[in-house]
Amino acid sequence: MAEKIWQVEKIKYCEHVGEEVFIENEVVLPAEFLPDQPPRVLARRCSHGIECNMMEQPACSLCGTNPDLDLV
Ligand code: SF4
């Protein structure tokens with residue numbers, strides 16, 4: 001059975017919040033009977049997206065509030 005999980009893609013320093021953040025991908029891992037199929041990325045997010053949205057300065061596209069950005 002396929003499994004949907006969040007995986008950390010990278011850790012980077014963000015100047016907007018002044019600390020390290022995790023950039024994460026939501027992926028669907030293939031079922032066991034389809035081992036050659038690569039994982040599918042459904043969405044991306046930042047671990048500090050909520051804190052980022054509470055600040056007055058504009059954030060990057062990973063904050064999750066940009067209606068023009070299709071995360072799927
Ligand atoms: S969402 Fe905010 S905290 Fe996360 S990387 Fe973008 S600007 Fe930095």
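Where is Cys46 found, and in which strand? Cys46 belongs to strand 3, which covers residues 40–46. Keep that residue in mind, as it comes back in a later view. First, two notes on how to read these figures. The model is predicted, and local features need pLDDT of at least 70, side-chain atom pairs count only at pLDDT 80 or more, while totals for chains, interfaces and linings use all residues. Numbering starts from 1 along each chain, following the sequence as it is written.

**View 1. The whole chain: one helix and three strands.**
Walk along the sequence and you meet the pattern β-β-β-α. Here helices (H or I, at least four residues) and strands (E, at least two) are DSSP runs, numbered from the N terminus. The C-alpha trace spans about 50 × 25 × 15 Å along its principal axes. The radius of gyration of the protein chain is 15 Å, whereas a compact globule of 72 residues would come out near 11 Å. That radius is taken over C-alpha atoms, and the globule rule is 2.2 Å times the number of residues to the power 0.38. Buried residues make up 6% of the 72 residues. To count as buried, a residue needs 20 or more other C-beta atoms within 10 Å of its own; exposed means 12 or fewer, partly exposed is in between, and the C-beta atoms are placed from the backbone.

**View 2. The sheet: three strands in the order 1-2-3.**
This is an open sheet, and its pairing is antiparallel. Strand 1 and strand 3 are the edge strands, each pairing on one side only. From one strand to the next, the twist averages 20 degrees. For that angle, axes are lines fitted to C-alpha atoms (for helices over the stretch in contact), and angles run from 0 to 180 degrees between N-to-C directions. Strands pair if DSSP finds at least two bridges between them. Strand 2 and strand 3 do so over six bridges, with Val27 opposite Val41 of strand 3.

**View 3. The hairpin of strand 1 and strand 2.**
Strand 1 (residues 3–14) runs antiparallel to strand 2 (residues 19–29), and the two share 11 bridges. You can follow the bridge partners in strand 2: Trp6 goes with Glu26, Val8 with Glu24 and Lys10 with Ile23. Four residues sit between the strands, and Gly18 takes a positive phi near 75 degrees. How many of the 12 residues of strand 1 are buried? The number is zero, so strand 1 lies largely in the open.

**View 4. Ala2, in the segment before strand 1.**
Ala2 has 12 other C-beta atoms within 10 Å, so it is exposed. Not counting residues up to four places away in sequence, Ala2 touches Val28, Leu29, Pro30 and Ala31. Contact here means that the C-beta atoms of two residues, placed from the backbone, lie within 7 Å. Gly64 is 62 residues from Ala2 along the chain, and their C-alpha atoms are separated by 25 Å.

**View 5. The ligand and the residues around it.**
The surrounding residues are Cys14, His16, Val17, Val21, Cys46, His48, Gly49, Cys52, Ala59, Cys60, Leu62 and Cys63. A residue is near a molecule or strand if its C-beta atom, placed from the backbone, lies within 6 Å of it. By class, this shell has nine nonpolar, three polar and no charged residues. Ala, Val, Leu, Ile, Met, Phe, Trp, Tyr, Cys and Pro count as nonpolar, Asp, Glu, Lys and Arg as charged, and the others, Gly among them, as polar.

**View 6. Cys46, back in strand 3.**
Is Cys46 buried or exposed? Cys46 counts as buried because it has 22 C-beta neighbours inside 10 Å. Leaving out residues up to four places away in sequence, Cys46 touches Val21, Ile23, Cys52, Leu62 and Cys63. Phe22 is 24 residues from Cys46 along the chain, yet their C-alpha atoms are separated by 5.8 Å.

**View 7. Ala59, in the segment after helix 1 (49–53).**
Ala59 has 19 C-beta neighbours inside 10 Å, so it counts as partly exposed. Aside from neighbours within four places in sequence, Ala59 is in contact with His16, Cys52 and Asn53. Pro35 is 24 residues from Ala59 in sequence, and the two lie 38 Å apart in space, C-alpha to C-alpha.
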